[in-house]
Amino acid sequence: MRALKGRAKDHRRAAGKAFSQREIEKALRKPPYSIKFRGQAISDWVPEDVAKAQVPHDADAVWALVRLWCDWAGEAQPEERYWRNLVERAQPARAPQPGPTPVGRPISDYVDQLVLDDLEVHPAVEVSGATGLSPLPAYVEREHDQRLRAVVDAATSGQSGIALLVGGSSTGKSRACWEAVKVLPDGWRLWHPIEPNRAQAVVEQLALVGPQTVVWLNESQHYMLDLEKGEQVASGLRGVLNDSRRGPVLVLGTIWPEHWATLTTVPAAGPDLHAQARQLVKAKGIEVDTRFSADELKDALAVSGADPRIAEALDCAHQGEITQYLAGAPALLERYRTAPAAARALIVAAMDGRRLGHGPDLPLSMLEAAVPGYLTDREWDTLPGDWLERAWAYVTDTPACRGSHSPLYRPRPRSGQPIQAQPQYRLADYLEQHGHLHRRTVRLPADVWDALVDHANPMDRMALGEAARRRGLLQHAFRLYAKAAELGDPEACKQLIFMLKRANRVDETLAWYRYAVDNADTSLAFPFFRNAVHILRETGRTDEADEWVRARAEAGDLYALEEVGRTAEALAGYERAAQEGDAEALAHAGALLRQEGRMDEAIDHFKRAARCGSSSGDVEAADLLEQHGSAEEVIDWLRECANRDGRRGLMLGMQLLSTGKAEDFEEAFDWYQRAAEANNPIVIGYATNQMRRMIEIGVIGLEDAIEWLEGLGEARNGESLGWAAELLQEAGQEGKALDWYRRSAERDNPRAMSRRAELLRCKGRTEEVIAWLKELSKKGSYPAAEEAAMKKAADLLHEGGRTQEAIDWLRDRANEGDIHALGVGASTLRSAGQPDEALDWYKAAANAGYFSLEEVASLLHEKGQTEEAARLLRYGLDPGGSVAEPWDAWPPGD
C-alpha cells in the first residue's frame, strides 16, 4: 500500500491535482466507491514510521482505497481477491485459547417451550377446543422482519452488529428476534444475561462471550438505563462489537418507545447519564408498528386455517392489533376493568409502582400496604374479612386470562437465583403500558407514597426518590433517598444533599455531608468533605471548618492534609491511592504540585492521570504545557490524547491552526472530522465554529464544509444539518438555509427549529410557522425537541393575541397524554396574566412528574404570597398538592 500510495501521489501532483486525506474522503464518497471513509485511517495504515503501522480490519475500505489509488496512478485495476487475502492474512491469529466455557447455550437446544420460558416471549391465548397446537402460534412476517434479517445475515457473514426493536407492549418484538436468530447456522449460541440481575450479569460475564454468540437483551432498558451499571454495560458491548477478534457477535434487544426516547435523548442540562448507551444504539433502532398493515393481515389470513389462534385474533382484534390479542391483552384489560375494588387496587398499585420507576419485581408487602390509599372510606369499611385472599386470588387467576399471564404473577426463580425474603410479583406487560399511558397525570395518595418508602426494594428507592422530587414531593423524596443512603448508596446521598442544598437548608445539608464523609469510602469522602468545608467558609463558619479540617488531617484525610500544609504526606497518600487504581488521585496530586510551583512534576502527574483514565488530566497537562512548554510539546501531547479520546481532537485542531503551516491545517481538519463523528452535538457545534475560521483562511471552502456536515446528517445527526444551515444563512443563501433548518428540526434539533421559525416569521409567514411547529411537536421521538416546538407555537399564538387558541390547543394535547403541554400551558397562562389558572396547570404538571418548584414559587411571589413561596422552596408539596408543612431532614443519629 505504501508503494501504491506513493505512485498515486506523484502521478496526481504531476497532473496539478491535490492529493490529501480530504480529497481521498471526497472521492470515496462518490460512485463507483460510495463508502464513508475516515482519512485518518491512511495515517494509521501507512504512517511515516513503518513501525507504527496498524493492521486494517475493513477489507471493503482497503479495496475501495486501492482501486482509487490505482485510478489516480493511471494503473490497471488490481485483482480484488489478492488484496482481500492480504487483509485477511494480516489479521491477528484467532486460534482458540483454553479457558472457561463461553456463556449461553446452543441455539439448536431451544424448543418452543424454552423460548417462552427463557427468552420471555409472551404465551399465546388459548382457544377453546383446540388441541395439538405448538406453544408458539404461526408466525407472520412483517416489515420490521426484513430489516432485522439484514442485521442477522450480516452476522452470519462474519460482521458483528446490534439491533433494537422499538415498539409497545405485546407488539411481537421478542418473537421477531427469535424468528430471526433461530435460522443461524450450527455453532451459534444464545446468551440471555439475567442473573443475579440483568445489568450486573452483563458486566460480570461479558468477557465470556465468544464468537458466534447472540446477546439477548429483552427489555433493554433494564440493561442500558440501569443507573448504576448501564454505562458499563454499553461500553462493554461497544468493545465486543468493535473487536474483530471476538466476532461475529450479534446483540438483539427490545424496548418500549418511551424508554427508547430516554435512551436516545441528549439531556438539555446536567450530566449525560447514558452517553455510552446512546452511541451503542445510534441508528440501530427498528420500529415495530402497533398494527398489522393490510398486506400483513392478508398474510395472517393465509396461515389462519392451520392455527385457530390466528383466526380468532383476525376476527376479534381491535384495528389490526393481532399480536396484542394473541398475548391476551383484551382479556387482561377486561380483567382489570371489571375487578372488585381491592383487586383493582392491587393492580393499580403495581401500575403506579412501575410508572414511578420501581423495578419489575414488586414486593407483596408494598402492594398490600398501598391498597387502602386507592379505596374510598365506604369501600374500605365494607370489605369482607378475607378481602386480601380474595383480591390475590382474582389478580393471579391465569385461566381467566386464557393462558396468558394473569394481571399479577410470581416469576419462577431460575437455578442459582437467591430466594427473596418475601414474595415478589410482576405486572403483566400490557397492563404496565396501559398504566403508563392512562395514569401518567394521576396524583398518588399519601398512603401509596408511604408504602413505597417503607416497602420498596432497596435498589429501587433511588429511582422512586427521583420520581417524588420531580413531583415536588421533597419530604417523600428525602425519605426514599435517605433509606437508600443508609444502605450505602452514594448516589442517593449525593442527590439528597443536592436537594437540601438547593432548598437552602444549610444545617441539615452539612449534617448529611458529615454523615457521608464518615460512611463513604475514601474516593467518595473526598468531594463530600471538600464541598462541606467550602460551605462552612462561605457561610462565615471558618472556625468550625478549621476545626474539622484539623481533625480530618489527624485521621489521614488527604484533602485535609493539603489544607493544613502537610504537602508531602498528602502527595504520598495520593501515590498510594493511584497504585490502587485511583486515576483521579494522580490528578489531585498534580493540582497540589501546581499549587506548590513544581510545574514539571505537576505535568508528569497530570499525564499519568490521563493515561490511567482521569477525566481531567489531559486538559490540565495541556494547559500547563501551553504555559511552561513549547508549542511542539503541546501538539505532541494533544495528539496522544486525541488518539485516546477523539473529542480532544478539537483542542489539537486549535493548536494546529495556530501554527500557520498548511500541513497542520490539513491535519486539523481531519481531527475535527474525527471529533465530530462521535455524534456529540456540543463537539459538532464547536468543530463547526472552527470550520468558520478554516473557511476564512482558505483551508476549505463553504461547499466542502456543507458536504461534510451533510454526511454527518445522513448518520441521523440533526445538529450537523443545523450547523450547515447556519453556514448557508451566513453566506446569504437563505432559501437553502430554510430547507436545511427544516431537515435538521425534523431530526429533533430545537436550535434549528427556533432559527427557522424566526426566519419565516420575519418574512411574514407566521401561520405557516405555527402549523409546522404544531406538527413538529407531535413527532414523539425526542421530548425536548417536541416541547420546544410546542412552546414556540404557543408563544407565537400568544404574541398574536390568540392566547385562548393556544390554551385550547395545549389542553387538547394534555388530554391526549402529552405531559409537556401542561408545563407549556402554565407558562402561557402566566405570560397572559392569569396566575390562578397557571397555578392549576402547574399542579397538574406536578402529578405527571413535570414540576418546577422555582417557577411556582416565583408565581406565588408575584401573587404576594411570599411566605408560602419560601415554604414551597424549602419543603415542597404534600401528596394532596398543597404546600407542605415544615419537616426535618436530619441524618441518623442527629
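Here are three short exercises on the structure above, each with a worked solution.

This is a predicted model, where local features need pLDDT of at least 70, side-chain atom pairs count only at pLDDT 80 or more, and totals for chains, interfaces and linings use all residues. Residues are numbered from 1 along each chain as its sequence is written, and side-chain values use heavy atoms, leaving out hydrogens and water.

**Exercise 1.** Find out why the protein counts as being as compact as a globular protein of its length.

*Solution.* Start with the secondary structure: there are 49 helices and 9 strands (DSSP runs, H or I of at least four residues for helices and E of at least two for strands, numbered from the N terminus). Next, take the radius of gyration over C-alpha atoms; the globule rule is 2.2 Å times the number of residues to the power 0.38. The radius is 30 Å, close to the 29 Å that the rule gives for 894 residues, so the protein is as compact as a globular protein of that length.

**Exercise 2.** Work out what share of the residues is buried.

*Solution.* Buried means under 20% relative accessible area, with a 1.4 Å probe and protein chains only. By that cut-off, buried residues make up 50% of the 894.

**Exercise 3.** Trace the open sheet and name its edge strands.

*Solution.* First, read the order: 6 strands run 1-3-4-5-2-6, with mixed pairing. Two strands pair if DSSP finds at least two bridges between them. Then look at the ends: strand 1 (105-106) and strand 6 (285-287) each pair on one side only. Finally, follow strand 2 (residues 161-166), which runs parallel to strand 6 and is joined to it by 3 bridges. There, valine 166 has glutamate 287 of strand 6 as its bridge partner.
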